[in-house]
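Welcome to a short set of exercises with worked solutions. Have your viewer open and work through each task before reading on.

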Amino acid sequence: MDEMRKEVLYSRAEIQKKVKEIASRISHDYAGRELIIIGILKGAFIFMADLIRELSIPCMIDFVRAASYGAGQETSGKVVMTKDIETSIKGKDILIVEDIVDTGLTLAYLVGWLKERNPRSLKVCAFLDKRKRRKVDFEADYVGFTMDDGFVVGYGLDFNEQSRYLPEVYLVKK
Ligand code: PRP
């Protein structure tokens, strides 16, 4: 699979610069508050690991696993939570960290699901945003790169579970 034709979309240096910028904004916005960061498995794990190490504020972390069932690269619109957080978020400041927002279905569902537990605040940070692909109205509060349509791998993002380990983001060529 890693023999697929692809080109670098975002280099390590570009990613590092962007992660630092977002971390600086988050550190400023949550200064003096108790922040819990929730990563969405699996895709977000690399971005989240880089992001929290650039924060200048303390945070706690937890994870959820969301599966959207569909064929190939298309989501069906049906989101199922297959792993819950292990922390109580009632009255806490929560930041969801995601690798990519595409149709918006996963995050729209997850935000509603977590809000039922009455956090003090709930915001979303997404590394990539495919804004034009939305099927539901959804805006992330912190966005790394906004990109056009196109299939991307690397930096946590996969194609059939391959290529997550690549340190850069690649655009797969058809
Ligand atoms: C990807 C990505 C988001 C979701 C975005 O996850 O990590 O969670 O799809 O798509 P949406 O905006 O259309 O809902 P995927 O289901 O591929 O799982 P993964 O994180 O394990 O790769």
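**Exercise 1. Classify N160 by its accessibility, then examine its backbone.**

Step 1: N160 has 57% relative accessibility, so it counts as exposed (exposed is over 50% relative accessible area, buried under 20%, partly exposed in between, with a 1.4 Å probe and protein chains only). The model is predicted, so local features need pLDDT of at least 70 and side-chain atom pairs pLDDT 80 or more, while totals for chains, interfaces and linings use all residues. Residues are numbered from 1 along each chain as its sequence is written, and side-chain values use heavy atoms, without hydrogens and water.

Step 2: N160 sits in the loop between β8 (152-153) and β9 (169-172) (strands are DSSP runs of E, at least two residues, and helices are runs of H or I, at least four, numbered from the N terminus).

Step 3: The phi of N160 is near 50°, a positive value in a residue other than glycine. Most residues other than glycine have a negative phi.

Step 4: E161 lies in the loop between β8 and β9 as well, and its phi is near 70°, again positive in a residue other than glycine. With 43% relative accessibility, E161 counts as partly exposed.

**Exercise 2. Find what surrounds R134.**

Step 1: Look in the loop between β6 (121-129) and β7 (142-146) for R134. Its relative accessibility is 19%, so R134 counts as buried.

Step 2: Now check polar contacts (pairs of N or O atoms within 3.5 Å; within protein, one able to donate a hydrogen and the other to accept it, with residues adjacent in sequence counted only if both atoms are side-chain atoms). The R134 side chain reaches the backbone oxygen of D102 at 3.3 Å, and a polar atom of that side chain lies 3.3 Å from the backbone oxygen of K130.

Step 3: Leaving aside neighbours within four places in sequence, R134 is in contact with V101, D102, T103, G104 and D129 (contact means heavy atoms within 4.5 Å).

**Exercise 3. List the residues that join α1 to α2.**

Step 1: Locate α1 (residues 12-29) and α2 (residues 45-54), whose axes come within 8 Å and cross at roughly 55° (axes are lines fitted to C-alpha atoms, for helices over the stretch in contact, with angles from 0 to 180 degrees between N-to-C directions).

Step 2: The contact is made by V19, K20, I22, A23 and I26 of α1 with F47, D50, L51 and E54 of α2.
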